[in-house]
Amino acid sequence: MTLKTVPIIDLQPYFSGTPEGKAAVARAVDEACRSIGFLVITNHQIPKELVDRVSALSQAFFALPLPAKRAVDRPRADMVRGYSAVAEESLSYSMEDAAPGDLKESFSIGPTDVPAGDPYYAEANAGPHFAPNVWPADPAFRAASTEYFAAMSDLSRSLMRIFALALDLPETWFDDKIDRHISMFRVLSYPRLTEKALPGQLRASAHSDYGSLTIVLPDGPGLQVTTEGQWVDVPHVPGSFVVNLGDLMMQWTNDRWVSTLHRVVNPPIDSPENRKRQSLVFFHQPNYDAMVECLPACQSAEEPAKYAPISSGDHLLSKFVKQTTFGGTKLAA
Ligand SMILES: O=C(O)CCC(=O)C(=O)O
Ligand SMILES: [Fe+2]
């Protein structure tokens, strides 16, 4: 059965720790992941104070004059770090369909606690995954972003544990595959529209995400997901997070779970909804050397493995290569 709406799932029974509570959350998550690939989570244990602080400092960053933001511009096409200006990226590039640039600007960071001198982080395969971050001058922005990255890493581990239970695996099955994850935290700022968008130009064009899961905190409506060929609104529930699956998790589960197309639509230009919008987006991606092999429990005689094994790092880089084929020097999220 396909869910026609995005379910809201209370994580409290999981965190309370009883076997029944954990099993009930895992069942609800399994249903959401099979049918729509999106869920909204409440009682996620991330302090409101941290979310508010990161949101406010990010708003202050995007309010700076362009040259100050350009001072922390993305260093290289293959390094998703620092600032990207409005219309420099189109998420649909990754879908082999070049579209006008998205109506958003962004600031991105990668892992913040890379130990100096550990060869794991410097190997050829580590590639640009541990590229150094570039930071604006405000030390409070750096501190809050670093704290948020750590909080999202913890929440992602809890979600991956729930995923393990939902897939009938031992609860900690994913733990050693995500303990040196190569995730990205990106703040997206969608300016208020001042002129009509180009044909086909959106705040974020239709795309699916790449990795294991994405945790989104939007500050207003606009996010839509496809289900049964229709675009539906993702409910905007203040204080909650939106979680969606990425392509890597779809592959890991041999398509039992779905990574769904989604987009952010423009508000009507002459309406009170024409406001700027900001979202905090954490793209979770397992360790670069974690092997993604279709899980045996998701295979059967009728449904043998559909994908060859691939490392998480190579899976991510393959998305980047696909994009540069289309002449984009900018990478999608
Ligand atoms: O801003 C949002 O609500 C979602 C953005 C998104 O889907 C993405 O950046 O991958
Ligand atoms: Fe997305």
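This report describes a predicted model, beginning with an annotated region and moving through a sheet, a hairpin, a helix and a nonpolar core.

## The annotated region

An unreviewed UniProt entry carries the annotation "domain: Fe2OG dioxygenase" for residues 180–286. Within residues 180–286, the chain is 39% strand and 6% helix. The C-alpha atoms at the two ends of this stretch are 7 Å apart.

## A sheet of four strands

Strands of a sheet pair through backbone hydrogen bonds, in either a parallel or an antiparallel manner. In this model, an open sheet of 4 strands follows the order β6-β11-β8-β9. The pairing in this sheet is antiparallel. The edges are formed by β6 (204–207) and β9 (230–233). Each of these two strands has a single partner strand, so one side of each is left without a neighbour in the sheet. On average, and ignoring direction, neighbouring strands of the sheet are turned by 25° against each other.

## The hairpin of β8 and β9

Strand β8 comprises residues 223–227 and pairs with β9 in the antiparallel sense over 4 bridges. Two facing positions illustrate the pairing. Q224 lies opposite D233 in β9, and T226 lies opposite W231 in β9.

The hairpin of β8 and β9 has 2 residues between the strands. E228 is located in the loop between β8 and β9. The phi of E228 is positive, near 50°, in a residue other than glycine. E228 has 10 C-beta neighbours inside 10 Å and therefore counts as exposed, the limit for that class being 12 or fewer.

## W231 on the edge strand

W231 belongs to strand β9, one of the strands at the edges of the sheet. W231 counts as partly exposed because it has 13 C-beta neighbours inside 10 Å. When neighbours within four places in sequence are left aside, W231 is in contact with Q224 and T226. Of these, T226 is the residue that stands opposite W231, whereas Q224 stands opposite D233.

The separation between W231 and H129 may also be stated: the two residues are 102 residues apart in sequence, and their C-alpha atoms are 33 Å apart in space.

## Helix α5 and the nonpolar core

Helix α5 spans residues 139–166 and contains 28 residues. From its first C-alpha to its last, α5 reaches 40 Å, close to the 40 Å expected at 1.5 Å a residue. After α5 comes D168, which has a positive phi near 60°.

The largest nonpolar core consists of 72 residues. α5 gives the most to this core, with 13 residues. The residues with the most contacts inside the core are V29, L39 and I162. Apart from neighbours within four places in sequence, L39 is in contact with V6, P7, I9, V29, A32 and V243. One of these contacts, V29, is itself among the residues with the most contacts inside the core.

## N43 in a loop

N43 is placed in the loop between β2 (38–42) and α3 (48–62). Although N43 is not a glycine, its phi is positive, at about 50°. N43 has 15 C-beta neighbours inside 10 Å and so counts as partly exposed. A positive phi therefore occurs in the loop residue N43, which is partly exposed, and in the hairpin residue E228, which is exposed.

Definitions and conventions:
Residues are numbered from 1 along each chain as its sequence is written. Chains are lettered from A and ligands numbered from 1 in the order in which they are written. This is a predicted model: local features need pLDDT of at least 70, side-chain atom pairs count only at pLDDT 80 or more; totals for chains, interfaces and linings use all residues. Two strands pair if DSSP finds at least two bridges between them. Axes are lines fitted to C-alpha atoms, for helices over the stretch in contact, and angles run from 0 to 180 degrees between N-to-C directions. The expected span of a helix is 1.5 Å times one less than its number of residues. A nonpolar core is a set of buried Ala, Val, Leu, Ile, Met, Phe, Trp, Tyr and Cys residues joined through C-beta atoms within 7 Å. A residue is buried if 20 or more other C-beta atoms lie within 10 Å of its own, exposed if 12 or fewer, and partly exposed in between; C-beta atoms are placed from the backbone. Two residues are in contact if their C-beta atoms, placed from the backbone, lie within 7 Å. UniProt positions are given in the numbering used here, feature names are shortened, and annotations may be inferred rather than shown by experiment.
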